[in-house]
Structures are given as C-alpha cells and as structure tokens.
Amino acid sequence: LAEVCLLNSRENNVIALGAQGCGDTGGSQARLPLSQRDDDELMVLAREGVEAAFDQLIRRHQGRGLLIAQKYLGGAEGAKDAVQNAFIQLYRYVPRYKPQGQFKAYLYRIILNQCRMTARSGRTRQRLTDQLPAPVPSQASSEEAVLARERAKQTERAVAQLSVKLRAVVVLRYSAGLTHPEIASQLGIPLSTVKSRLFEAFKQLRRTLGGSLA
Amino acid sequence: MSMTREPPSERLLAYLDGQLEPAEARAMAAYLENSARGRQRVEELRAMTDTLAELDPILADLDLVADVRAAVASEQVTTRPGRWRWGVAALAACLAVALVAPLLVGLQERGSGSAVPNQVDELGFRSKGVADTEARKANRWLGIQLFRVRGKEPPVRVDRRLRRDDGLLVAYTNLGPQPYTHLMVFAVDATGRVHWLYPAFERAGDDPQAIPIEGGAAAVELPDLIRHPFAKGTLVLQALFLRRPAQVSQIEGLLRDGVQQREPGDEAAGRLPLDGAGQQRLRLEVQ
C-alpha cells in the first residue's frame, strides 16, 4: 500500500495531504500508513485521488459487510454481490462524503439497501454459486462441529424468515455489532422500538428454532 | 432485588446485551449461579447471537478489491468531485431544482394552514394559479428528482417518457425550515397496479415502512437502481414526504379505498389524506 502522509490532524476541520515520503512536512506532523488511518481520513484521501485509500477501506470493512449481507439474506448466496455493489455505490459517494465520524453507519446503510435490492431482484442465486470458491473441508469434522454448523444454518434461515424490519435490527445488533442507540440512529426509530423489535425477533426465532428457549 | 421465578427469555437477552439496570443485572447473575436451567437458556441464547456473528467460511477469504476496481473502471466512475457520473446528474438535478423551485411539483401539505394549493409538477403538471413569489414564500424546496438509466448510458433526468426496461434512480431534496423525516415513493401503472420504489417491497407478506431521509439536504441520491415491469401507458409516480413513518399497508389501504382527493381539473391521481405530508405526483408515459 502506498504510504501517504496525512499532515496535521484536523485543524479547522481540514485535512492536508502530503506526497509520498513527506520529507519536508516538519517534524511534528504524523506519518501514518493507510492501515492506521481512520475511515474518514481514508475517504478524504480517496477523494484526493489516492486509490489505495479506498482499497484499504474495502479490505477493512468487507468482512463485516459480508457478514451483514450473509445474515440479512439468509446465506452466503447473494452476499458477495450485495457488498460489492455497496462498495461501488460508496465509491460513487466519495466526492460528496462529509467526514463526520459516521462512516460505518453510512456504509452499513448502503449495504442494507443493497441487500434489500438483492433480495428484491432475486437475481443472485445462480450467479454467486458460479463465482464463489468451493469450501475447503476442515481437517477433522467432528460430530460437534457438524452439529454446530447445522445449528448455525438453521439460525440463519430462521433470521431470513423474519420481517425486514426485525431482520435489520437483529443483523445490525449481532452481525454489525452496533449498539442499541446506534441502531436507533441508523434506522431512524426510537430506542424503545429497537429493543422491542429485538425482543420480538427473538420470540419468533425461539418459535422457529424451538429448544428450551421456547 | 432477587429473582423468585424463572425470568423470561427477553430479560435473559437483555442481560446478555448489557441492557439491564445494575440491580436487575446483579439479581440475574445471582439467579444464574444457582440455576442450571437458567445457564442452559443463556448458553442457547449466546449460541444464537454468536451464530449471527460468524461469517460463512465460503465468504471469509473473499477479497473484493479487484472486483470493485474492475466494476468502477468499466463504469468509468471516478472519485474526483465533478467528474462522477451520477454526481453530474445530481448536480444537474440540483440546478434543475433551483430553476424550477418556484414551480415545484404538486406539493401539497395537508393539515397546515399555510399550505400552498396546487403548485406545478416538475414534469409539467398544469399550474393552477400559484405565483412564483407565493411558492418562494412558502420556502418549500422539496421533491424527488427521477433519473433513468438505459443500458450503460449515464443517468438522464426523466422527461415524461420511460421505456419498460429503463432503470430508475431517485434523488430527493428536503430543504425548508421543517424538513421531513421520511419518504415513500410508489407508482401506479396503466393497469392500476401499485409498484413500490421506496421502501423496497420484497415479499408479499412484508409491510415495510417509509425510509428515513436527511433534512436540510438537496439532491440526495438514493442508492438503488430500480426496475419494475410497468405496464405500457400512463404511469403516475407519487412521492410522499412524511413527518413520521407510514407503513406500505397504510398507503395501499388509502389507494384501495380510493380516498384520493381530486381537485377540479386535476389530471392525475389526487392527493392522499395524510396530515402534514408533502405530496408530489409525476405523470409519465411508459413505452
């Protein structure tokens, strides 16, 4: 990755960019690799034409994005398309992005929108199976591991059967790792609604999955 | 506080989520220490939430950088301000909104005494006597802008005519002293069928609600490229700017009940009786 220097921190809310090397930037200014930049800084660098900054953002967030999409869509199928489209969408937004510390919320909103579109279009299933590498079998598939995988699949399918609004809350909480207030802000709903939707979602999951929770 | 009976799963979930008040959390911890069944239930819940945080191995090794790069290269998208295709369209939309602001769309706010009656649709609905200055005074910079995407061509502002295979992009402007908080966009085609653009309507059993929107923002692009199998003929597209979210079922109920109110001489479907909503109607021809 290119070593691009970000000069000064945020004086006057302006981030100054330096060329590679940054030899004449003065002793007090930080020299940080892209991997240590925060998301807002990377978006600003991408806007300035540093393509590696956007690549860094993809690599930083693709895992979480794929997780969100997988759980929202009820499986791996479609997740790659949805997240890839989300990053393309994000790329288009780069020129207008305002660095306000809200990058994750911004990205997750795009990913959820793309998931909705993916689910709506119903065009993903065949394509993705063509593109994805075949899973590599683990060295020893113990019975416990097999059961755990089956349980995970069942949970995934049960989540996918939730309504859109319940699913979004569950996925944002447990797959995206957002807090309740962050989810409320993300979805534009009251905090109490986040909680009630989570409870409702788990009630339905319990009904679907059974077990001693039911 | 102590627990004398088995807590409901919702409380256990709240405990796992760190959402209980300290006193209740302490009582729950004490209860779990003494209850094997309680611990089992917690473990089951934890397994469920852990599952939601596990990425399928089939996705774990994917690196999307090359694919995203290839896709944006094929679209000739750039991150540089001013050269971005949808961005150019948005800028054009912004300018267009500025130019036609005094004429902005069939916007009608019901339930407020200051409503401006029957302004003009941005795609040419007939004016019914609203002076430019009057609309300016209303400070109602509000509306959606509609763009079509045909093949690999850049987005183009919709000008009355659509092809059935056109993709649609929507941008919105939500300025004014009291911006709206939610948006719904739907279209009624020549056969009377209702097609939802926002919110997405994925399954027959769903009842999605209006999407949240930014206030004080102009030409905000919504991310979806939408295609619907509209019937050929007249298509009335309607945008509802709301101050609280409505459900799709609520709007479809109003449409089904035919409670839209027509003004004399109004060519399009009328307004819906939604208090405080800004409403915009665009009439298009699908070819």
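**Exercise 1. A glutamine and its surroundings**

Leaving aside neighbours within four places in sequence, which residues is A:Q70 in contact with? Work it out on the structure above, which is a predicted model, and then describe the setting of this side chain.

*Solution.*
- Step 1: Place the residue. A:Q70 belongs to helix α2 of chain A, which covers residues 51–73.
- Step 2: List the contacts. On chain A they are A:G75, A:A76, A:A79 and A:E156, and on chain B they are B:E54, B:L55, B:D56 and B:L59.
- Step 3: Look for a polar partner. A polar atom of the A:Q70 side chain lies 2.8 Å from the backbone nitrogen of B:D56.
- Step 4: Decide whether A:Q70 is buried or exposed. Its relative accessibility is 2%, and buried means under 20%, so A:Q70 counts as buried.

**Exercise 2. The helix that carries it**

Follow helix α2 of chain A: where does α2(A) bend, and by about how much? Then find how many of its residues are buried.

*Solution.*
- Step 1: Find the bend. It is at A:H61, and the angle is about 45°.
- Step 2: Check the cover. Of the 23 residues in α2(A), 18 are buried, so the helix is mostly covered.
- Step 3: Look just past the end. A:G74 follows α2(A), and its phi is positive, near 80°.

**Exercise 3. Two nonpolar cores**

Which residues have the most contacts inside the largest nonpolar core, and which element gives the most to this core?

*Solution.*
- Step 1: Start with a general idea. Nonpolar side chains tend to be buried together in soluble globular proteins.
- Step 2: Name the best-connected members. The largest nonpolar core has 76 residues, and those with the most contacts inside it are A:F54, A:Y72, A:F87, A:L90, A:Y108, A:L172 and B:V68.
- Step 3: Find the main contributor. α2(A) gives the most to this core, with ten residues.
- Step 4: Zoom in on one member. Not counting residues up to four places away in sequence, A:L172 touches A:Y108, A:L112, A:G177, A:L178, A:I183, A:Q186 and A:L187.
- Step 5: Look elsewhere. Another core, of 29 residues, lies apart from the largest one; B:L146, B:L197, B:F230 and B:V286 are among its members.

**Exercise 4. Rings and charges**

How many aromatic pairs are there over all chains? Trace the cluster that contains A:Y93, then look for charges over rings.

*Solution.*
- Step 1: Count. The whole structure holds seven aromatic pairs over all chains.
- Step 2: Take one of them. A:Y93 and A:Y106 make a tilted pair, with centres 5.7 Å apart and 55° between the planes.
- Step 3: Ask what this pair joins. A:Y93 is in helix α3 (residues 79–93) of chain A and A:Y106 is in helix α4 (residues 103–121) of chain A, so the pair ties together parts that are 13 residues apart in sequence.
- Step 4: Check burial. A:Y93 has 4% relative accessibility and therefore counts as buried.
- Step 5: Take another pair. A:Y97 and A:F103 meet edge-to-face, at 6.1 Å centre to centre and 70° between the planes, and both are buried.
- Step 6: Put the rings together. Ring pairs link A:Y93, A:Y97, A:F103 and A:Y106 into a cluster.
- Step 7: Find the charges. The charged end of A:R167 sits over the ring of A:Y72, 4.4 Å from its centre, and that of B:R157 sits over the ring of B:F147, 5.8 Å from its centre.

Definitions and conventions
Residues numbered from 1 in each chain as written. Chains lettered and ligands numbered in written order. Heavy atoms only, no water. Helix = DSSP H or I, 4+ residues; strand = E, 2+ residues; numbered from the N terminus. Buried < 20%, exposed > 50% of the residue type's maximum accessible area, 1.4 Å probe, protein only. Polar contact = N/O pair within 3.5 Å; in protein donor to acceptor, adjacent residues only side chain to side chain. Contact = heavy atoms within 4.5 Å. Phe/Tyr/Trp six-rings, centres within 6.5 Å; stacked < 30°, edge-to-face > 60°. Lys NZ or Arg CZ within 6 Å of the ring centre and 35° of its normal. Core = buried A, V, L, I, M, F, W, Y, C linked by side-chain atoms within 4.5 Å. Bend = angle between axes of the 7 residues up to and from the residue.
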